[in-house]
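Reader: I'm new to this and would love a close look at one single part. Please pick a residue, go through it slowly, and then show me how the rest fits around it.

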Amino acid sequence: MRFDIVSVFPEFFSVLDLSLVGKAQERGILDVQSHDLRDWTDDPHRTVDDTPAGGGAGMVMRPDIWGTAIDSLMESSQGRRGSRTILAIPTPSGVPLTQRTCERLAQEASQIIIACGRYEGIDARVSEHYSSVGIEVLEYSLGDYVLNGGEVAAVALVEAVGRLLPGMVGNPESLVEESHGAAGLLEYPVYTRPQTWREQAIPPVLTSGNHGVTARWRRDRAIEKTAARRPDMMRQLDSASLDKLDKRKLASLGWLVPAQADHPVPMNARVARAEDIASVAELAAATFPDAAPDYLSDVSIQAFIAENLTPDTFTTYIHSPDWLTMVLVDPCGRIVGYTLSLVPESDGVAGRDEGAPVDAVVGNKARKGPLVELSKFYIAESWRGSGASTMLFNATRVALLERTGEWEEPYLWLGTNARNKRAQKAYKALGFERVGKRTFTVGEQDNSDVVFARLLRMA
Ligand code: 6GU
């Protein structure tokens, strides 16, 4: 691979004689030549720029000088079999340079000419011309900030492409797990001796010798780091590359993977507001039949909805200090899940008359603290199994903990249809245990629900 770098500061590139790139040059894997643009001028002042057409600040680099320079460098490798020249032009208005582009260049190019502009840039016809004669022109940027010229970006390109050439990096494995590698995640944090430094120990899993646990820990840290720093990368993650534990981690960070989606989506779980009322009522009406006991006729289901799940009832809930309504919102602002909780007065029991488990034993301990009732908990069908219920439940728990502030040992309880195994399994996964039954009458029918409870304050 040959790099020809053209600049008005050719001495800048002596840095490329150092380190890995320098070694690669010695070993013949890489050949980097830098050239002074002024060598192709023909006036005594060696002028490379002129005033901008149309007016404005600064100076623009002349296309004729650049054309002569690039032509002469291309000639030097033209005609060799399999040779492929790419013209790279660093500019803050270029496409962001990515690892994928660097991989492609390392594979495809035999010569990369880097044209380093200064001042306000290079006359646009240079890029136009070489594209039009079939040369690949890559106008690239290092990021969203402005440098005084392309020299630093040229060094970056040589190093990023150069290290991918065969024979460059000692251990090709280190190319697999790195940031911007195939996983699509940033790299996990790394540690080495000393074991403790300035009161910070190396995370114990890394010295446990357990490879499975270490791999999981690293993957979780990589996911956390990527979610915090690069939401753009999160949106590009391939759903098919994510296992169950990945998805659980993603859900805890607010990213869900719906059944048919190619990529995770950022979700928002928050307290419901007045403007959500119509949507929550609509979702409540749409999801209620899914969990209704099968002996309820369609007519009685519709009657229940018309009576209890209207915008009016949700208006009451949302404005009442006794109730907490939480919603899960997709990136388009659609409400795809909600919870409705009844908070007891100070340290009492919510839903005493609805079968609250006042005498329950939870976690082998007799209940002592107040009982908060999780009265409704629904997820739109297309979001089930995506981690949506975990995310909404955790947000609900956090909001309830805020409300119950200083209370000693608050519990959360709920009743659910005894025949709805899907719901019962979901509640167990959320840390609930079955603590009993409740019976109640609907339309002269005796019904039985199973009752679940858990401490509000546990992981
Ligand atoms: Cl490639 N060139 C210049 N001049 N500024 C930049 C850049 C390139 N990338 C980010 N800023």
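Author: Let's start with a word you'll need: a contact means heavy atoms within 4.5 Å of each other. What you're looking at is a predicted model, where local features need pLDDT of at least 70 and side-chain atom pairs count only at pLDDT 80 or more, while totals for chains, interfaces and linings use all residues. Residues are numbered from 1 along each chain as its sequence is written, and side-chain values use heavy atoms, with hydrogens and water left out.

The residue to look at closely is Asp 4. Setting aside neighbours within four places in sequence, Asp 4 is in contact with Gln 33, His 35, Leu 73, Gln 111, Ile 112, Ile 113 and Ile 114. Asp 4 belongs to strand E1, residues 2-7. Strands (E, at least two residues) and helices (H or I, at least four) are DSSP runs, numbered from the N terminus.

Is Asp 4 buried or exposed? Its relative accessible area is 0%, so Asp 4 counts as buried. The cut-offs are under 20% for buried, over 50% for exposed and partly exposed in between, using a 1.4 Å probe and protein chains only.

What does the side chain of Asp 4 pair with? It makes a polar contact with the side chain of Gln 111, at 2.7 Å. A polar contact is a pair of N or O atoms within 3.5 Å; within protein, one must be able to donate a hydrogen and the other to accept it, and residues adjacent in sequence count only if both atoms are side-chain atoms.

For another aspartate, try Asp 449 in strand E20, residues 445-455. Asp 449 is buried at 7% relative accessible area. Its side chain makes a polar contact with the side chain of Arg 438 at 2.8 Å, and it also reaches the backbone nitrogen of Asn 417 at 3.4 Å. Not counting residues up to four places away in sequence, Asp 449 touches Gly 415, Thr 416, Asn 417, Ala 418, Gly 436, Lys 437, Arg 438 and Phe 440.

Now for some rings. The whole structure holds 12 aromatic pairs. In one of them, the ring centres of Phe 314 and Tyr 338 are 5.6 Å apart and the planes meet at 80°, so the pair is edge-to-face. Rings of Phe, Tyr and Trp (its six-membered ring) pair if their centres lie within 6.5 Å, and planes under 30 degrees apart count as stacked, over 60 as edge-to-face and the rest as tilted. Phe 314 sits in helix H11 (residues 311-319) and Tyr 338 in strand E14 (residues 335-342), 24 residues away along the chain. Phe 314 is buried at 0% relative accessible area, and Tyr 338 is buried at 0% too. Ring pairs join Phe 314, Tyr 317, Trp 323, Tyr 338 and Tyr 378 into a cluster.

Further along is Ala 380, in the loop between strand E17 (371-379) and helix H12. At 15% relative accessibility, Ala 380 still counts as buried. Apart from neighbours within four places in sequence, Ala 380 is in contact with Leu 283, Thr 287 and Val 336. Ala 380 and Asp 290 are 90 residues apart in sequence, yet 9.8 Å apart in space, C-alpha to C-alpha.

That loop leads to H12, residues 388-404. Its 17 residues at 1.5 Å each should span 24 Å, and its end C-alpha atoms are 24 Å apart, which agrees. The expected span is 1.5 Å times one less than the number of residues. Among the buried residues of H12 are Met 391, Leu 392, Phe 393 and Leu 400. Just after H12, Gly 405 takes a positive phi of about 25°.

Helix H6 (residues 211-229) passes the span check as well: 19 residues should cover 27 Å, and its end C-alpha atoms are 27 Å apart. At its start, a side-chain oxygen of Asn 210 comes to within 3.1 Å of the backbone nitrogen of Gly 212. Buried residues of H6 include Trp 217, Asp 220 and Ile 223, and its buried residues pack against helix H7 (231-234), helix H8 (244-252) and strand E10 (255-256).

Finally, step back. The protein has 13 helices and 20 strands, and 45% of its 459 residues are buried. Of the contacts between residues at least 6 apart in sequence, 70% join residues at least 24 apart. The C-alpha atoms fill a box of roughly 105 × 55 × 40 Å along the principal axes.
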